[in-house]
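Here are some friendly notes to read with the model open beside you. They start with charged pairs and then move on to other parts of the fold.

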Amino acid sequence: MRNTVKNHLLDQIQKGELKVGKTINLAALSRKIGVSVTPIREALSQLEQARIIKAIPNRGFVVSQLTRKEAKNLYETIAELEVMALENSVFSEEDVQSLRLHQLKLQQSHTFMTRLKVRFQFHQLLVHKCSNTVLLQILDDLKARLLFYEQGYGQDASFYENVDNQNESIVRAIEDDNLPTAALILKMNWMVVLEYIDRQMSA
């Protein structure tokens, strides 16, 4: 039941329905998904550990505010962890085709939320062959928090065209069985997005 609640909240985050600063109403959430308050509190505690929400006395659980320092820490950490996962992966021809399909979907995405969803799916495919499940769970938690930054500050479609080109280079390197080059471009990819998000936040 706890995972049901957690998945519901993560789905709201992905759809942009759960906003920064919003208080999560436990009673309303309980009625909406038909789950008692106890597993809801357990799920919220997990999300708090992942720094997605925080508990405020006399107010309850609230989606944490965004900061430039946290953004820098998040992007740099995700970049390092994805590189680690990528370097410990073996890709089949089917895996490469799946990456190419998602890259094509990304190029054909015409709305910001669709592009964001497909971009995160692309990154999920890059690391899903890694056997370290702890590493993958940490990445999932960090990316759930990262969505708030990209939903709030990453809505310039022209900027992401450059990111698409980097993705294409990553896929080509994997296709050539050159994971060191793919890892280098992958890290650059996240750093380019970080620089853009940081500029948007400072403005």
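1. Please begin with Lys-129 and Asp-95, whose side chains form a salt bridge with an N to O distance of 2.7 Å. This contact joins distant parts of the chain, as Lys-129 sits in the loop between α6 (112-127) and α7 while Asp-95 belongs to helix α5 (residues 93-107), 34 residues apart. Do keep in mind that this is a predicted model.

2. How buried or exposed are the two partners? Asp-95 has a relative accessible area of 12% and counts as buried, because the cut-off for buried is under 20%. Lys-129, at 34%, is partly exposed. As background, side chains of opposite charge can pair when their charged atoms come close.

3. A second pair to look at is Glu-168 with Arg-100, which meet in a salt bridge at 2.9 Å, N to O. Glu-168 is in helix α8 (residues 157-175) and Arg-100 is in helix α5, so this pair ties together parts that lie 68 residues apart in sequence. Arg-100 is partly exposed, with a relative accessible area of 24%.

4. Glu-168 also has a salt bridge to Arg-172, at 3.7 Å from N to O. Here both residues lie in helix α8, four residues apart, or about one turn of the helix. The spacing fits a general rule: an α-helix has 3.6 residues a turn, so residues three or four places apart point the same way. Arg-172 is partly exposed, at 41% relative accessible area.

5. Which residues do the shared partners bring into one network? Salt bridges with partners in common join Arg-100, Glu-168, Arg-172 and Glu-175. Across the whole structure, the search finds 11 salt bridges.

6. Now please turn to the start of the chain. Helix α1 covers residues 2-14, which is 13 residues, and it spans 18 Å from first C-alpha to last, close to the 18 Å expected at 1.5 Å a residue. Its buried residues are Val-5, Lys-6, His-8, Leu-9, Leu-10, Gln-12 and Ile-13. Among the elements that cover these buried residues are α2 (26-33), α3 (37-49) and α7 (133-153). Just after α1, Gly-16 adopts a positive phi of about 75°.

7. The strands deserve a look too. Strand β3 (residues 60-63) runs antiparallel to strand β1 (residues 23-24), and two bridges join them. In this pairing, Thr-23 stands opposite Val-62 of β3. Strand β2 (residues 53-56) also pairs with β3 in the antiparallel sense, over four bridges, and there Ile-53 faces Val-63 of β3.

8. What is the backbone doing in the hairpin of β2 and β3? Three residues lie between the strands, and Asn-58 in this hairpin takes a positive phi near 65°.

9. Finally, how many cavities of 30 Å³ or more does the structure hold? There is one, and the largest cavity contains about 30 Å³ of space. Lining the largest cavity are Phe-112, Arg-115, Leu-116, Arg-119, Glu-150 and Tyr-160. Helix α6 supplies the largest share of that lining, with four residues.

Notes:
Residues numbered from 1 in each chain as written. Predicted model: local features only at pLDDT ≥ 70, side-chain atom pairs only at ≥ 80, totals over all residues. Heavy atoms only, no water. Expected span 1.5 Å × (residues − 1). Buried < 20%, exposed > 50% of the residue type's maximum accessible area, 1.4 Å probe, protein only. Contact = heavy atoms within 4.5 Å. Pairing = 2+ DSSP bridges. Salt bridge = Lys/Arg side-chain N within 4 Å of Asp/Glu carboxyl O. 1 Å grid on protein atoms, 1.4 Å probe; cavity = no way out; pocket = protein on both sides within 12 Å on 5 of 7 lines; lining within 4 Å. Points joined across faces, edges and corners; volume = space filled by probe spheres on them.
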